[in-house]
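These are my notes from going through one structure, entered in the order in which I looked things up.

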Amino acid sequence: MTLRIVSVRNLRMYFKVRQGWVKAVDGVNFGIDQGETVGLVGESGCGKTSLAYAITQLLPPNAFVLGGQVFFDADGVAARFRPEYWAKAEGRMKNDLSAALADLDGIEKAGVTPETEERRQTLLEKIALLEHPLSDTYRSYLTAEVTELHAKVRDLTRRAETGDATARRQLADATARYAAATGEGDLLDITRRPQGRLREYHPKLNAIRWKQISIVFQGAMNALNPVYTVGDQIVEAIRTHEDIGPEAARQRVQELYHLVGIPTDRIDNYPHEYSGGMKQRAMIAMALCLNPKLVIMDEPTTALDVITAARIMDEVLRIQNELKTTIVIISHDVSTVAKVANRIAVMYAGRIVEEGPSRDIFRQTLHPYTQGLLGAFPSIEGEKTRLEAIVPSAVQVRQGHLPDRRARRRDPRDGPPGPLPLLPGLLRTRRAREPMIEEMPGTAAPEDEVVISVQGLKKYFELRRSLLASLRGGEADFVRAVDGVNLDLHRGEVLGLVGESGCGKTTTGRLIARLERPTEGRILFENSDLASLDGRDLFHFRRELQMIFQDPYESLNPRYPVLRAVSEPLIIHGIGSTREERADLVVRALEDAGLRPGTDFLERFPHELSGGQRQRVAIARAMVLNPKVIIADEPVSMLDVSIRAGVMNLMLDLRDKYQIPYLFITHDIAVARYMSDRIAVMYLGRVVELGPTDAVIKRPTHPYTRALLAAVPVPNPEHVYTAVPITGELPSPIDLPSGCRFRTRCVFAQKICAEVEPPLVEVTPGHFAECHFASDIFDGRMTAPASVPEPQPPLAAG
């Protein structure tokens, strides 16, 4: 029998803000069973993090629980229901099944009509639920009854404390019936105190925090104290909750490091000495340090590149299989949770709109919003199709309500399914299974005209030395951020620049835009070498090339309205003789960027815009000068799924309309596939593979490109993942490996790779790879060794 350790009943948790109430969680019924991995997915603002944090009471002072309960089965109460209650629940289930079969028989005997077809489908689904194995079905009835008894005891206790004589008389009987149902123990209600603030002290809360329920926070760097070693911070967490000596605690930390795949000699390092993936694995180790029953992971891979994210998810999968820990993964990326989750709950505007086993959710998606999530992510497989933005987003409707009717559910514990709700603007048909995507227009083929040619581009950053080191003399150390890049950007094409964090792709973009001065190399633009430009020549070049930066929240001045922010380039370059003329150019740029009517946005400030609107303003600012080249540095990585697709489609539409070439920088090769005509893959300052998008995706030649592709999550739990052919951490750009710089992580590496720098090989026309064995890998004569471990699928709960 599967045991439910967390039960959420009709939870309503609102935030009090200056403008009124924000309904973060608005009537959620949700459960978590022992040993399962649950994916809680949805866009930003849907309430998934608020729901998870309500379980641990980590919400801020302006958070109020206005209704509902959260029960935590800390003592395994659900395992001790008395036999007579099991029999009662089984009888109720059989009665409901008989009634449903009788109703269905009556409808079919009378003849199915359009008016009765919906009722017939509802009965069929209810029967399918009731015919599940009894241990899964009658438990849902039993849990509901016992939870109602607990709520009644709780309510009568409060009334009795106020002097209500009737409540005092009823309390004894209710308490006896509850004790008879559960045996010994109690279901801990960890919702708010009578005043409603979640932050108020609960007498049993400290007994379950960290020991029973732990959490992995989203920003690993912000969660770790920079002035203490990582090992000391985990030791502190252990000794705070257990009476244990420092040596025994340190021994446990070493075991945890081994479990999550961090070398034990890194225990005494500080957070800044860890890579992003190591920080996140250290946070997972800290969450597991007291063997909790439930671990909540809040966006554990959001800030990581695809290879690091894939390795983190593999670690989560291995930990769940080895320790049988119950895990809740909060994510906006359905592809990420599809790989590890047994069950998925989809949230929209404070409610769970679809829930069920992962395979059922992806095989037969029923709710329009879930379809929208799946249709808004680019895929590495299949044909290119135009992505569809989700309208309205969860943030846009968080002040209101969804339809009262629930979405269809597949979990027998949730009872009979309700009718399928419709969300305005998502789908205007009840045929929720119809595709939400249309065929993507063909990408423009690059023309012969080369707009920018990069030749032998290098950028070295000298490291600062201490005074003592300077006096001793010797050679300075350099970070070789860009180390010999050769690229051509053609008119009208999108060139995707892909690689892990720290590979040098952003520095390459900044060098081409001349925001940094190259150490060496040439950047040819209209017969001029940008590397040598200075003064007025560089000033005039700025008009021809514009950048779209990664973070729309940082790239706009919060004190400037949209009109001032977008017109500033016009003022700097002396375009437009009057304010009205510049305002007309700004309105045209805003409308080209999809902000219509543009006049409605002129006087708004950045804080009055959504994330997608801010990025569209940034795009308008880049387009207002009518540039000849645009460099887009991770322009969608900071955006939510609801607006990412719209921004990518907008950029492609603007490319087709004005034939402006883009250098599109991203760590996500699936996004690069959607956006790009050609892809250049970077590793430690060099382009290791370059070619047409389809050639690079379908026939990757460099081992690093293969690792990037193997790490891309696929929104399909039945997808068979191949092992990510990469090992170890990214080498330091200060002390690069000899020969091939990828050899320290490459499963194909041989002796020649350490001795000779690999040549750039053209495997097919226009498709290049920097590898000694490029032709052998391309032709399939060389394959990865069988010893590379492959991730296993998640175990079924129970």
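I take a helix to be in contact with a strand when heavy atoms come within 4.5 Å, and I read each crossing angle between N-to-C directions, on a scale from 0 to 180 degrees. The model I am working on is predicted.

Entry one, helices on the sheet. With that contact rule I looked up helix α25 (residues 703–711), which lies across β15, β21 and β22 (686–692) and runs at about 105° to β21. I then looked up helix α16 (residues 505–512), and found that it lies across β15, β18, β19 (629–633), β20 (662–666) and β21, running at about 155° to β20.

Entry two, the sheet itself. I traced an open sheet of eight strands with mixed pairing, in the order β18-β19-β20-β15-β21-β22-β24-β23. At its edges I noted β18 (545–548) and β23 (760–764), each with a single partner strand, so one side of each has no neighbour in the sheet. From one strand to the next, I recorded an average twist of 20°.

Entry three, one pair of strands. I checked β15 (residues 494–498) against β21 (residues 678–683) and found them paired in the parallel sense over four bridges, with leucine 497 having alanine 680 in β21 as its bridge partner.

Entry four, cavities. I listed six cavities of 30 Å³ or more in the structure, and I followed up the second largest, which holds about 80 Å³ of space. Its lining has 14 residues, and those closest to the centre are Pro703, Cys740, Cys746, Cys753 and Cys771. I sorted the lining of this second largest cavity into 11 nonpolar residues, two polar and one charged.

How values were computed. Residues numbered from 1 in each chain as written. Predicted model: local features only at pLDDT ≥ 70, side-chain atom pairs only at ≥ 80, totals over all residues. Heavy atoms only, no water. 1 Å grid on protein atoms, 1.4 Å probe; cavity = no way out; pocket = protein on both sides within 12 Å on 5 of 7 lines; lining within 4 Å. Points joined across faces, edges and corners; volume = space filled by probe spheres on them. Nonpolar A, V, L, I, M, F, W, Y, C, P; charged D, E, K, R; others polar. Pairing = 2+ DSSP bridges.
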